[in-house]
There are 2 protein chains.
Amino acid sequence: METARNNLRVDGARLWSTLMETAAFGATPAGGINRLTLSPADGRVRDWFRAACEAAGLTVGTDSLGTQFALRPGRDSTRPPVATGSHLDTQPTGGRFDGILGTLAGLEVVRTLNDAGIETEAPILLVNWTNEEGSRYAPATMASAAHVGTFTAEDILARTDADGVSVGQALASLGIVATEPTGSRAIGAFVELHIEQGPILEAEAKTVGVVEGGQGILWFDGTITGFESHAGTTPMPRRRDAVLGLAELALAVERIALAHGPSAVGTLGEAVIGAPSRNVVPGRVRFTLDIRDPRAATLDAIEADVRAALADIAARRQLTATLDLVWRQEPVPFDPALVALVEREAEALGLAHRRMVSGASHDACNLALKVPTAMIFVPCKDGISHNEAESATPSDCTAGADVLLQTLLTLANRPALPLRD
Amino acid sequence: METARNNLRVDGARLWSTLMETAAFGATPAGGINRLTLSPADGRVRDWFRAACEAAGLTVGTDSLGTQFALRPGRDSTRPPVATGSHLDTQPTGGRFDGILGTLAGLEVVRTLNDAGIETEAPILLVNWTNEEGSRYAPATMASAAHVGTFTAEDILARTDADGVSVGQALASLGIVATEPTGSRAIGAFVELHIEQGPILEAEAKTVGVVEGGQGILWFDGTITGFESHAGTTPMPRRRDAVLGLAELALAVERIALAHGPSAVGTLGEAVIGAPSRNVVPGRVRFTLDIRDPRAATLDAIEADVRAALADIAARRQLTATLDLVWRQEPVPFDPALVALVEREAEALGLAHRRMVSGASHDACNLALKVPTAMIFVPCKDGISHNEAESATPSDCTAGADVLLQTLLTLANRPALPLRD
């Protein structure tokens with residue numbers, strides 16, 4: 001049995017054709033997918049997913065936020081299921097892999113187990129989380145967040161999209177009927193396969209990213225105010241130019257992130273000049289900062305350094321500045337034993353791998369607050385994601401699904417929880 | 001006679017009350033003026049100006065672009081008039097001095113000469129140029145440019161505002177009827193009084209700026225293109241961040257202008273990030289540059305330095321960049337003898353003065369292409385202009401008008417042109 005298990009591999013061609021089959025739901029001319037959560041196209045892929053799961057012998061339930069739970073029984077029905085999955089919704093100009101790979105690779109794992117006639121000790125649960133993307137409804141990963149109790153289902157159901165349609169109304173319009181309350185589904189552990197959405201694995205020619213956790217995130221809104229004056233009549237030394245203050249800040253954020261590296265990142269992603277004119281020295285600018293690091297203490301240190309840099313810039317240039325923290329997400333470490341298990345399975349499969357941190361947020365980051373959780377990353381071309389050009393190779397998708405298969409098998413056949421040992 | 005002339009002073013209180021009287025045409029609640037060219041408010045101030053000139057004994061003509069010419073005869077009607085004036089139109093949220101001071105100070109000079117019973121050798125001509133501001137119709141200073149032949153009147157008459165109303169239609173709607181073709185009015189020399197619109201005189205506690213000419217101007221449109229990527233998943237060293245390129249460019253422009261100083265200025269006044277998002281590394285940015293210096297060779301040198309800096313930034317950061325020159329205005333030197341005359345008159349009046357260059361463009365910069373021209377600047381509070389907060393003191397306005405009076409008297413009583421001697 002152990003030998004058979006170790007030689008077990010997913011059917012890569014079937015996984016790929018399933019990925020391409022579902023890419024038709026919401027397909028865009030440019031080869032991407034427009035499948036906003038709870039849109040008609042999302043309704044069609046949900047129907048397809050339910051039918052495919054039922055065809056694979058799974059029992060499908062739906063919670064009050066529309067999340068689909070497909071259960072494959074184990075020998076011991078008293079054990080909490082070992083869960084996997086991701087999401088089938090996309091950005092408005094999304095790609096064919098973000099979320100979809102993790103969900104359909106879970107289906108492929110079930111199909112592979114079925115083909116091999118393998119029964120696991122613990123049940124296996126395949127999940128399609130509602131609205132991971134956050135494009136139509138805020139926040140992103142809302143259903144998994146509600147599952148672990150960060151929000152109530154009632155709160156989330158009342159959230160509205162840009163047209164004023166609530167989550168509850170959108171669920172009803174697709175005929176989605178809850179069969180269980182949000183948060184009631186038992187989950188013993190969670191493993192999510194996902195494309196990296198970054199360039200590291202490709203650049204280092206690694207096939208598997210062993211994800212140690214999700215980064216912490218700081219979001220800031222800021223302003224810099226100087227004095228608007230005539231671009232022709234104001235001598236350089238007398239200017240109080242808000243854009244020059246912003247320029248120094250942007251470069252300071254880069255320096256500070258590099259100094260706290262290699263995992264620290266800092267981005268000045270938005271900047272808007274107040275009353276811009278080509279012949280006026282800019283007097284006001286608004287901006288945002290996004291700062292991430294897997295270590296909470298490093299986030300604190302970066303924030304202190306950025307605030308000190310901004311104060312220095314403002315003092316030297318006779319500017320005033322504000323910097324308001326509008327969101328702080330604490331770093332989410334994944335379960336060390338489960339991370340180590342993913343690493344061992346990748347190694348046993350002979351796949352080039354490295355440990356890394358997830359720069360983006362995922363449903364797994366919510367699950368990690370409650371149950372042992374890990375993630376498996378595979379490369380995506382040029383690190384591009386949230387884009388119709390998002391691309392991953394069949395062999396990398398297959399490799400990721402094989403790591404998922406082996407990890408789920410090991411977890412589901414372990415004698416007992418707790419996993420931490 | 002010479003003694004009487006030297007003791008002659010304008011009536012500062014009358015000048016100030018005239019300024020405040022006309023400020024009612026288009027007055028804004030914040031204490032400024034909204035008097036776009038050829039608007040109903042501009043029509044009312046034009047009617048007031050004609051009546052005031054006629055009451056002062058002047059003969060008022062109007063050219064085909066609506067510019068008002070008010071002539072005070074001299075003893076020798078064969079001599080071309082010595083001209084002064086400025087404009088009565090304002091920015092939509094303009095102040096009470098920009099252009100208005102120079103026009104009404106010319107009226108005050110005439111009234112002063114009338115009161116003293118002084119007849120000059122050459123005639124004196126007071127001009128209210130149409131559309132100096134350029135807010136409603138482009139280009140700015142269009143009427144004085146057409147006067148010297150830079151544009152034809154037909155071209156200018158066909159220009160339209162944002163509502164599609166042409167200059168010709170706007171003139172007709174105010175009932176303005178031309179009595180002479182544009183460019184036909186004889187002018188022997190032109191002296192314009194204006195607020196500085198910059199902070200230098202105030203900072204140095206000077207009352208009079210002796211303007212040596214108008215700066216040359218370079219306007220550039222540029223782009224910087226990198227690669228949009230995820231703010232959470234893209235390591236700092238792998239980024240191609242367009243905003244960081246822009247930040248380096250903005251600081252380089254400042255450094256380069258300072259290196260070519262003290263009169264060189266460079267401004268990055270507009271910058272727009274393409275598809276901005278707080279969690280996306282910016283991939284594209286558009287920007288404008290405004291560079292000015294009174295020396296053509298310095299403009300060339302600054303342009304070369306900026307292009308070299310941008311090329312270096314792009315190469316280091318793996319960005320591509322464009323920088324297109326969209327406008328070059330050559331520096332406009334004023335007549336050296338006339339500049340020296342203004343300086344002598346300021347000195348004789350015991351006023352603190354300094355030579356300077358006009359950072360902004362003025363009707364005088366067009367006149368200088370054809371006739372001996374000079375300008376007189378007086379301080380404005382905090383260098384603020386094109387703003388309802390624009391402010392100048394009664395005593396500085398009076399001092400500027402006194403310099404104008406003395407300069408015009410000397411010019412009009414000189415034995416003969418040419419002025420250059």
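A cavity, in what follows, is a set of points on a 1 Å grid over the protein atoms alone where a 1.4 Å probe fits but cannot get out, and its lining residues have an atom within 4 Å of a point. The model I am presenting is predicted: local features need pLDDT of at least 70, side-chain atom pairs count only at pLDDT 80 or more, and totals for chains, interfaces and linings use all residues. Residues are numbered from 1 along each chain as its sequence is written, chains are lettered from A in the order in which they are written, and side-chain values use heavy atoms, with hydrogens and water left out.

I begin with the cavities. There are six of 30 Å³ or more, and the largest holds about 130 Å³; here grid points are joined across faces, edges and corners, and a volume is the space filled by probe spheres set on the points. Thirteen residues line the largest cavity, and those nearest its centre are Val243(A), Leu246(A), Ala271(A), Leu246(B) and Ala271(B). Helix 9 (242-259) and strand 9 (265-273) of chain A, with helix 9 (242-259) and strand 9 (265-273) of chain B, each give at least two residues to this lining. Helices (H or I, at least four residues) and strands (E, at least two) are DSSP runs, numbered from the N terminus. The lining comprises 13 nonpolar residues, no polar and no charged, where Ala, Val, Leu, Ile, Met, Phe, Trp, Tyr, Cys and Pro count as nonpolar, Asp, Glu, Lys and Arg as charged, and the others, Gly among them, as polar.

Next, the relation of the chains. A turn of 180 degrees, with a shift of 0.0 Å along the axis, lays chain A on chain B with an RMSD of 0.1 Å; the superposition is by least squares on the C-alpha atoms of residues with pLDDT of at least 70 in both copies. This is the relation of a two-fold axis. Ala247(A) is the residue of chain A closest to that axis, its C-alpha lying at 2.1 Å.

What area is buried between chain A and chain B? It is about 4400 Å², of which carbon and sulfur atoms give 63%; buried area is the accessible area (1.4 Å probe) that two parts lose on being put together, summed over both. In chain A, Thr233(A), Met236(A) and Arg278(A) lose the most area to chain B, together 18% of what that side buries.

Finally, four salt bridges cross this interface, a salt bridge being a side-chain nitrogen of Lys or Arg within 4 Å of a carboxyl oxygen of Asp or Glu. Arg317(B) and Glu254(A) form a salt bridge at 2.8 Å, N to O.

How values were computed. 1 Å grid on protein atoms, 1.4 Å probe; cavity = no way out; pocket = protein on both sides within 12 Å on 5 of 7 lines; lining within 4 Å.
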